[in-house]
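This report addresses the strand arrangement, residue burial and selected contacts of a single protein chain. The sequence and coordinates are shown below.

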Amino acid sequence: PNPAKSGGVLPIPPNRRTVGRVTAAESGAPIAEVQIFIPTARLGALSRQNASFILLQVPPGTHELRAERTGLASVTRQVHSMRSVEVARPMDPRPPR
């Protein structure tokens, strides 16, 4: 039976999230204001001053996570929902196009 039609409570899906930090590859320094997103899930976040980010309601499975910030090369990582990830970014400027 459908719980919504019978007046029951709909089950709440588990809190699937991906958490992480964005740091400089060589120094380990935190990098703030980096756009973090999973294109296929249409989810995104911005890293905070301490470099942390949280993506909520990430569908189960493995996804491509991208990190981009103006003036820096973008980084792509494979991540799994409900896991932590460290995104180490090169501090070198993006190569000219």
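The account that follows moves from the whole chain to the strand pairings and then to individual residues.

**Overall composition**

The structure is a predicted model. The chain holds seven strands and zero helices, so that its pattern along the sequence reads β-β-β-β-β-β-β. Of the 97 residues in the chain, 29% are buried. The accessible surface amounts to about 6600 Å², and carbon and sulfur atoms contribute 53% of this area. When contacts between residues at least 6 apart in sequence are considered, 45% of them join residues at least 24 apart.

**Strand pairing**

Strand β1 covers residues 17-24. Six of the eight residues in β1 are buried, and the strand is described accordingly as mostly covered. The partner of β1 is strand β4, residues 52-56, to which it is joined by five bridges in the antiparallel sense. Within this pair, R17 is placed opposite L56 of β4.

A further group of four strands forms an open sheet in the order β3-β2-β5-β6, with antiparallel pairing. At its edges are β3 (43-46) and β6 (75-80), each of which pairs on one side only. From one strand to the next, the twist averages 25 degrees.

The pairings described in this section are collected in the table.

| Strand pair | Bridges | Sense |
|---|---|---|
| β1 and β4 | five bridges | antiparallel |
| β2 and β3 | four bridges | antiparallel |
| β2 and β5 | three bridges | antiparallel |
| β5 and β6 | six bridges | antiparallel |

Individual residue pairs show the register within the open sheet. Strand β2 spans residues 35-38, and its residue I38 stands opposite L43 in β3. F37 has R66 in β5 as its bridge partner. On the β6 side, A67 is matched with V75.

**Strand β5 and its two faces**

Which side chains of β5 are buried, and which are not? The side chains alternate along the strand: H63, L65 and A67 point to one face and are buried, whereas T62, E64, R66 and E68 point to the other face and are not buried.

H63, which belongs to β5 (residues 62-68), illustrates the buried face. Its relative accessible area is 10%, and H63 therefore counts as buried, since the limit is under 20%. A polar atom of the H63 side chain lies 2.7 Å from the backbone oxygen of P59. Leaving aside residues up to four places away in sequence, H63 touches I38, T40, V58, R77, Q78 and V79.

The other face of β5 carries E64 and R66. These two residues form a salt bridge, with the closest N and O atoms 2.8 Å apart. A search of the whole structure finds one salt bridge. In general, side chains of opposite charge can pair when their charged atoms come close. Both participants are partly exposed: E64 has a relative accessible area of 30%, and R66 has a relative accessibility of 31%. R66 thus combines its place in the salt bridge with E64 and its bridge partnership with F37.

**The hairpin between β5 and β6**

Strands β5 and β6 form a hairpin with six residues between them. In the turn, G71 adopts a positive phi of about 90 degrees.

Two other residues of this loop differ in burial. Is T70, which is in the loop between β5 and β6, buried or exposed? T70 has a relative accessibility of 78% and therefore counts as exposed, the limit being over 50%. L72 is likewise located in the loop between β5 and β6, but at 9% relative accessibility L72 counts as buried.

The same loop residues can be placed relative to parts of the chain that lie earlier in sequence. The C-alpha atoms of T70 and Q35 are 9.3 Å apart, although 35 residues separate the two along the chain. For L72 and V34, the C-alpha to C-alpha distance is 9.6 Å, with a sequence separation of 38 residues.

Technical notes
Residues numbered from 1 in each chain as written. Predicted model: local features only at pLDDT ≥ 70, side-chain atom pairs only at ≥ 80, totals over all residues. Heavy atoms only, no water. Buried < 20%, exposed > 50% of the residue type's maximum accessible area, 1.4 Å probe, protein only. Contact = heavy atoms within 4.5 Å. Areas by Shrake-Rupley, 256 points an atom, 1.4 Å probe, with all protein chains shown as cover. Salt bridge = Lys/Arg side-chain N within 4 Å of Asp/Glu carboxyl O. Pairing = 2+ DSSP bridges. Axes fitted to C-alpha atoms, helices over the stretch in contact; angles between N-to-C directions. Polar contact = N/O pair within 3.5 Å; in protein donor to acceptor, adjacent residues only side chain to side chain.
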